[in-house]
2 protein chains.
Amino acid sequence: MPILVMKFGGTSVATPDRIRRAAKRVGREVANGYDVIVIVSAMAGETNKMVGLVDEISPFYDAREYDAVVSSGENVTAGLMALTLQEMDIPARSWQGWQVPLKTTSAHGAARIEEIPTDNINAKFAEGMQVAVVAGFQGISPEGRITTLGRGGSDTTAVAFAAAFGAERCDIYTDVDGVYTTDPRISAKARKLDRIAFEEMLELASLGAKVLQTRSVELAMRYNVRLRVLSSFEDNNETAGTLVCAEEDIVESNVVSGVAYSRDEAKMTLISVADRPGIAAAIFGPLAEAGVNVDMIVQNISDDGRTDMTFSCPVDQVKRAEKAMLGAKEKGDINFHELVADTDVCKVSVVGIGMRSHAGVASKMFDSLAAEGINIKVITTSEIKISVLIDRKYLELAVQALHDAFELEKAA
Amino acid sequence: MPILVMKFGGTSVATPDRIRRAAKRVGREVANGYDVIVIVSAMAGETNKMVGLVDEISPFYDAREYDAVVSSGENVTAGLMALTLQEMDIPARSWQGWQVPLKTTSAHGAARIEEIPTDNINAKFAEGMQVAVVAGFQGISPEGRITTLGRGGSDTTAVAFAAAFGAERCDIYTDVDGVYTTDPRISAKARKLDRIAFEEMLELASLGAKVLQTRSVELAMRYNVRLRVLSSFEDNNETAGTLVCAEEDIVESNVVSGVAYSRDEAKMTLISVADRPGIAAAIFGPLAEAGVNVDMIVQNISDDGRTDMTFSCPVDQVKRAEKAMLGAKEKGDINFHELVADTDVCKVSVVGIGMRSHAGVASKMFDSLAAEGINIKVITTSEIKISVLIDRKYLELAVQALHDAFELEKAA
């Protein structure tokens with residue numbers, strides 16, 4: 001029988017009633033002729049409660065014990081979901097990560113999946129079981145300890161199971177009904193996309209759209225898993241939600257698919273850095289070691305052997321970045337006159353695979369921002385996205401202007 | 001290094017603060033030179049919460065899924081306890097049942113321990129780990145599913161670890177400071193016992209004293225594990241709590257050690273049963289099948305080929321017992337005139353290994369009840385206990401009278 005993976009997030013399994021609702025969706029797919037693998041998150045709030053307990057006990061915790069504690073919520077939901085399905089006369093059982101076993105690296109708190117053996121679950125499907133309920137977010141290390149995949153890791157669990165079992169599709173049930181052209185809270189004209197390419201979704205996820213964990217999209221792209229995002233709280237027909245799929249499965253698309261933003265960015269500039277080969281490494285090495293997530297980087301044209309180096313990072317990492325830079329200066333590894341931090345900026349990006357074949361996207365973007373009197377501070381581009389750093393106060397204005405300029409309210 | 005097992009119940013680990021308090025006790029034993037195995041229950045209320053969720057979803061649940069859900073609370077506490085110990089610079093790690101692995105039968109919800117391999121934990125002790133924190137109450141079946149040992153099962157986990165590792169002692173930390181001659185809420189003269197014999201403790205546990213799970217005492221007796229019950233909420237010295245130990249370790253003891261009671265009993269009488277060989281089996285077979293826990297049994301002297309058969313059971317099983325008896329009558333397996341249920345009775349017992357060598361305990365018991373005008377309805381005896389069924393309204397009076405008669409307020 002064809003296999004379908006269905007993943008339910010924390011709000012979709014927050015109460016026994018909601019678990020029942022999710023189980024009914026599973027029941028419909030079983031009736032449609034699928035063997036179903038259900039991946040569940042912890043009931044909403046449970047994982048945060050566990051994290052809170054760990055924080056209360058130990059600010060510098062052993063990540064192995066942290067994982068053992070915070071993975072418990074998924075075990076509860078998996079058992080409850082299996083019971084609910086059985087109550088509906090659907091043969092089901094639960095699996096915890098170690099029972100599959102979902103094998104991961106030993107990087108506790110952010111482990112990567114290494115292998116998902118399918119024999120165990122497939123044997124049960126062969127015996128007549130129709131639903132395997134698997135606790136998301138967790139796995140087992142080579143040392144036999146429980147690992148977790150990082151926040152939002154259940155998305156990744158779901159995609160990895162879909163890849164391992166050759167599932168026809170991986171449906172991610174969540175509290176929004178799909179991927180939008182931009183955040184509907186910012187632009188009333190935001191439109192739900194029926195389809196989006198993996199590459200676009202990956203850019204959107206990295207650029208701040210919270211609907212899917214970035215790694216789950218990477219994995220889906222790598223194994224060509226058809227990924228659908230849809231709502232737990234609405235009736236869904238065949239074309240509900242957004243299908244994240246390979247480019248060739250998208251017949252028509254706009255040049256730009258979406259506008260993403262990241263609100264709390266900071267721009268830091270090292271003024272008058274002594275320019276020499278290896279200077280970039282001397283700057284960004286210490287930043288990486290200090291755990292600063294450097295995003296955009298711009299180096300001004302150098303004259304007289306000195307240069308200005310600008311980079312952006314999340315605003316809450318500015319203190320750490322300053323400490324790292326001043327430390328490197330003190331040690332003599334780098335030399336600069338001044339370090340200037342602008343903590344009132346944000347990043348706005350347009351994303352679309354159509355950019356590859358259409359010229360003029362950048363100039364249209366810059367024109368429409370200029371028309372609103374918005375000054376661009378830093379620009380970076382990739383093949384399918386253009387990002388700009390602007391003053392934070394212009395965020396909403398910029399998103400709306402770009403959504404209008406590229407006519408995203410209209411389907412292709 | 002000598003090994004000590006310390007078990008902390010739900011109220012002793014109900015909050016991070018209480019876990020810290022428990023961890024300090026563990027730290028003191030580490031300082032005393034022990035390698036410690038800590039067995040933890042779920043934080044107070046957590047297991048009941050899980051049971052509530054299961055009940056809400058599925059009244060006739062799959063016990064395997066039930067076990068997977070309700071065992072989660074112990075995993076959380078085990079991780080938190082390990083983190084707390086690490087925070088105090090004590091090398092510790094947690095084990096879940098399947099990691100040990102604590103092997104049990106497949107009797108989900110009431111599994112029996114079959115084996116506890118010691119190599120895994122002993123190897124860590126050899127590497128310098130000083131505390132192994134183990135999630136109580138849970139194990140793994142031959143099929144690789146999670147099992148639980150029944151309510152109060154963490155006591156049994158603790159004793160089984162003490163037996164497997166040859167621990168010097170097994171300390172059970174709870175919310176009372178030891179075993180009393182009777183319930184202090186009923187008799188203000190109740191006295192804490194410094195020592196009690198396994199056999200006595202076993203009788204007291206089966207007769208309603210809630211301080212230890214009956215199976216944990218059986219196991220301690222079988223493997224001669226020195227078991228100490230003491231309070232989490234008081235400072236304890238060397239002689240704190242009550243030591244449950246072999247008879248030969250008790251130098252002096254009263255003839256009677258304690259008075260136990262069980263409040264909600266029922267007495268059922270089958271009147272005028274046709275007496276024939278095999279009649280007892282024909283009555284008690286169906287009762288066992290119906291899940292009725294028959295306790296005391298009395299058969300009146302038979303004349304004219306008919307007899308009255310009386311038995312007691314918990315009051316909430318009366319309906320089930322009636323259904324089983326009427327069913328057996330209908331099928332023609334037994335024949336009786338009438339079934340009379342008295343649901344207003346209770347059981348009061350005196351227990352003591354001293355009875356073996358002292359005559360007159362029974363008559364003293366009956367005399368003192370008679371002196372209070374209390375009528376005895378059923379009597380059963382064993383080598384070290386005498387139990388009577390009386391009207392429930394006399395429970396407190398009977399307990400107090402017997403406590404006085406045997407002078408239990410005085411140490412031997």
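A residue counts as partly exposed when the number of other C-beta atoms within 10 Å of its own lies between the limit for buried, 20 or more, and the limit for exposed, 12 or fewer. The exercises below concern a predicted model.

**Exercise 1. Classify the exposure of Ser272(B) and of Asp89(A), and state what sets the backbone of each apart.**

Solution. Begin with the neighbour count of Ser272(B), which has 15 other C-beta atoms within 10 Å and is therefore partly exposed. Next, locate the residue: Ser272(B) belongs to strand β13 of chain B, which covers residues 258-274. Its backbone has a positive phi of about 55 degrees, although the residue is not a glycine.

Turn now to Asp89(A), for which the count is 8 other C-beta atoms within 10 Å, so that this residue is exposed. Asp89(A) sits in the loop between α4 (72-87) and β3 of chain A, and its phi, about 65 degrees, is likewise positive without the residue being a glycine. The general background is that most residues other than glycine have a negative phi.

**Exercise 2. Determine which peptide bonds to Pro101(A) and Pro101(B) are cis or trans, and where these prolines lie.**

Solution. In chain A, the bond that joins Val100(A) to Pro101(A) is cis, with omega at about -15 degrees. Pro101(A) lies in the loop that runs between β3 (92-95) and β4 (103-104) of chain A. In chain B, the bond from Val100(B) to Pro101(B) is also cis, and its omega is near -15 degrees. Pro101(B) is placed in the loop between β3 (92-95) and β4 (103-104) of chain B. As a general matter, most peptide bonds are trans.

**Exercise 3. Describe the surroundings of Asn335(A), and decide whether this residue is buried or exposed or in between.**

Solution. The position comes first: Asn335(A) is part of the loop between α10 (318-330) and β16 (338-351) of chain A. Its 15 C-beta neighbours inside 10 Å place Asn335(A) in the partly exposed class, because that class lies between 12 or fewer and 20 or more. Leaving aside residues up to four places away in sequence, Asn335(A) touches Val273(A), Ala274(A) and Lys329(A). Arg151(A), by contrast, is 184 residues from Asn335(A) in sequence and 38 Å from it in space, C-alpha to C-alpha.

**Exercise 4. Find the operation that lays chain B on chain A, and name the kind of axis it implies.**

Solution. Two copies of a chain are related by a rotation about an axis and a shift along it. Here a turn of 180 degrees with a shift of 0.1 Å along the axis lays chain B on chain A with an RMSD of 0.1 Å. This is the relation of a two-fold axis. In chain B, the C-alpha nearest the axis belongs to Ser72(B), at 3.0 Å from it.

**Exercise 5. Work out how the two chains meet, and which elements of chain B take part.**

Solution. Count the residues on each side: the contact takes 26 from chain B and 26 from chain A. On the side of chain B that touches chain A, the elements giving two or more residues are α2 (46-57), α3 (63-70) and α4 (72-87). The largest share, 10 residues, comes from α4(B). By character, this side of chain B divides into 13 nonpolar, nine polar and four charged residues. Since 100% of the interface residues of chain B are also interface residues in chain A, the copies meet through the same surface.

**Exercise 6. Compare the orientation of two helix pairs, α4(A) with α2(B) and α11(B) with α12(B).**

Solution. For the pair across the chains, α4(A) and α2(B) pack at an angle of about 20 degrees with their axes 9 Å apart. That makes α4(A) roughly parallel to α2(B), because angles under 35 degrees fall in that class. The crossing of α4(A) past α2(B) is right-handed. Val76(A), Leu80(A), Leu83(A), Thr84(A) and Glu87(A) of α4(A) meet Met50(B), Leu53(B), Val54(B) and Ile57(B) of α2(B), and the residues of this contact divide into seven nonpolar, one polar and one charged.

For the pair within chain B, α11 (residues 361-371) and α12 (residues 395-405) pack at about 130 degrees, with their axes 9 Å apart. Consequently α11(B) and α12(B) are oblique to each other, and α11(B) passes α12(B) in a right-handed crossing. The contact is formed by Lys364(B), Met365(B), Ser368(B) and Leu369(B) of α11(B) together with Ala398(B), Ala401(B), Leu402(B) and Ala405(B) of α12(B). The residues of the contact of α11(B) with α12(B) comprise six nonpolar, one polar and one charged.

Technical notes:
Residues are numbered from 1 along each chain as its sequence is written. Chains are lettered from A and ligands numbered from 1 in the order in which they are written. This is a predicted model: local features need pLDDT of at least 70, side-chain atom pairs count only at pLDDT 80 or more; totals for chains, interfaces and linings use all residues. Helices (H or I, at least four residues) and strands (E, at least two) are DSSP runs, numbered from the N terminus. Two residues are in contact if their C-beta atoms, placed from the backbone, lie within 7 Å. Axes are lines fitted to C-alpha atoms, for helices over the stretch in contact, and angles run from 0 to 180 degrees between N-to-C directions. Angles under 35 degrees count as roughly parallel, over 145 as roughly antiparallel, 65 to 115 as roughly perpendicular and the rest as oblique. A crossing is left-handed if the near helix is turned anticlockwise from the far one by less than a right angle, and right-handed if clockwise. Ala, Val, Leu, Ile, Met, Phe, Trp, Tyr, Cys and Pro count as nonpolar, Asp, Glu, Lys and Arg as charged, and the others, Gly among them, as polar. Copies are superposed by least squares on the C-alpha atoms of residues with pLDDT of at least 70 in both.
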